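This report describes a selected region of one protein chain. The sequence and the structure are shown first.

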Amino acid sequence: MKIVQINSQLGGSTGGLMRLLSHAMKQAGIENRMFYTFDTGIQDPDAVCYSSHREIRMNAALSRLTGSYGFQSAAATKRLIAMLEDYQPDLVQIHNIHGHDLNLETFYHWLGEKKIPVVHTLHDCWEFTGYCPHYQTVQCEKWQTECHDCPLYRRYSWFFDQSRKNYQRKKASSSAISSLNLVTPSHWLKGEVEKSFLKNRSCIVIPNGIDTEVFKPDSTDLKAQLGIAGKKMVLNAAMTVSQAKGKDDLIALSRTLPADYCLVLVGVPKGHQNDFPDNVIVKPRTASKQEMAAYYAAADVFVNPTHEDNFPTVNLEALSCGTPVVTFDVGGAGEMITDTIGKKVLVGDDSALLDAVVTMADKKEAVSELCRSHVLAHYTQQIFCDSYLRLYDDILAKKF
């Protein structure tokens, strides 16, 4: 049995999940290989880069010039197909491929011609829209019938709105794959798939798993190091600073928190570190999981005022460290939270967000063990990998 995984990179959240699955397959005696386009400096003996930074930049420019997003990268796609022809996989697992990684028409038709079973994990909504991975902030539902007059097209195209044509090409391309098995991390996204042109395809939910040996409760003097000993620490962590991730809501929260509370933001890019009030502690992104775990463990509550999300791993990581979570109830952001270990708040309700933060911060000691045990029961890496290996077995049993 040979299995191939494809993702835009080896790093990041999706790259980490790909490498985790590769390791699990090796332990199970399954020969496998990973293919990616964007080199982040991570090395793996079972991984092959089939593109280059220069090629990616060129295809990104072509996409923005023409408005045709997902249908460039002709040379890289032919290169990948040649590598797969040589490797002869029995199954292809696709993760994120919308960073100018592939020409969907060419690649999907090749998969269909070869009758190779495909597992496609949808980490967002891009696969069934004309352009966007998320449409919640603009409350667009055109994708349910056919994308057109895209309110977000300027993010992806400098001149032309090709959302209708891209939508039609994606729909036609996906239909070329005879055995297309979809996986979503959240029940919310599965529900969205069932409203899209992919609604007749098999789709199951496999929540992402986290490393509970790294993300765990721990005694720490981090509050003292931050100069907030004796205060309640409210933590947020995000890779981007935008309204979609709740920037304005975090600013509003910082201005209304009680005096004995402090908001700490981790992951703020340099260009945005002065965007927040002086009473907010702002820290840059850390590449160390152990350092991030220390922040989670020290916090009294983790707050995630996201306006669009599929299944945020940060919520799981905080819970695994014994810290309750407050989140806007959007997408799949609240699916890992019960009423005991956190609170889900209506999107944009900053008053309710403040109340929930104060309530859960006061309950940290009482619910910490429950937060941790909930993750251990449902969201470990072992559970995640076992679920995928069973899926692979089930699909390949039908093939052979």
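## Contacts of L316

In this predicted model, L316 touches N208, I210, F311, M336, V375 and Y379, leaving aside residues up to four places away in sequence. One of these residues, I210, lies 106 residues from L316 in sequence, yet the C-alpha atoms of L316 and I210 are 7.3 Å apart in space.

L316 belongs to helix α10. Its relative accessibility is 0%, and L316 therefore counts as buried, the cut-off for that class being under 20%.

## The β-α-β unit

Helix α10 spans residues 313-320 and, with strands β11 and β12, makes a right-handed β-α-β unit. L316 is thus placed by its helix within this unit.

Strand β11 (residues 301-304) and β12 run parallel and are joined by 3 bridges. Within this pairing, V303 stands opposite V326 of β12.

## Strand β12 and its second partner

Strand β12 also pairs with strand β13 (residues 342-345): the two run parallel, and 4 bridges join them. Here V325 has G342 of β13 as its bridge partner. Strand β12 is accordingly bridged both to β11 and to β13.

The side chains of β12, which covers residues 325-328, point in two directions. V325 and T327 point one way, V326 and F328 point the other way, and all of them are buried. V326, the residue opposite V303, and V325, the bridge partner of G342, thus point in opposite ways from the strand.

Key
Residues numbered from 1 in each chain as written. Predicted model: local features only at pLDDT ≥ 70, side-chain atom pairs only at ≥ 80, totals over all residues. Heavy atoms only, no water. Buried < 20%, exposed > 50% of the residue type's maximum accessible area, 1.4 Å probe, protein only. Pairing = 2+ DSSP bridges. Right-handed = clockwise from strand over helix to strand, strands pointing away. Contact = heavy atoms within 4.5 Å.
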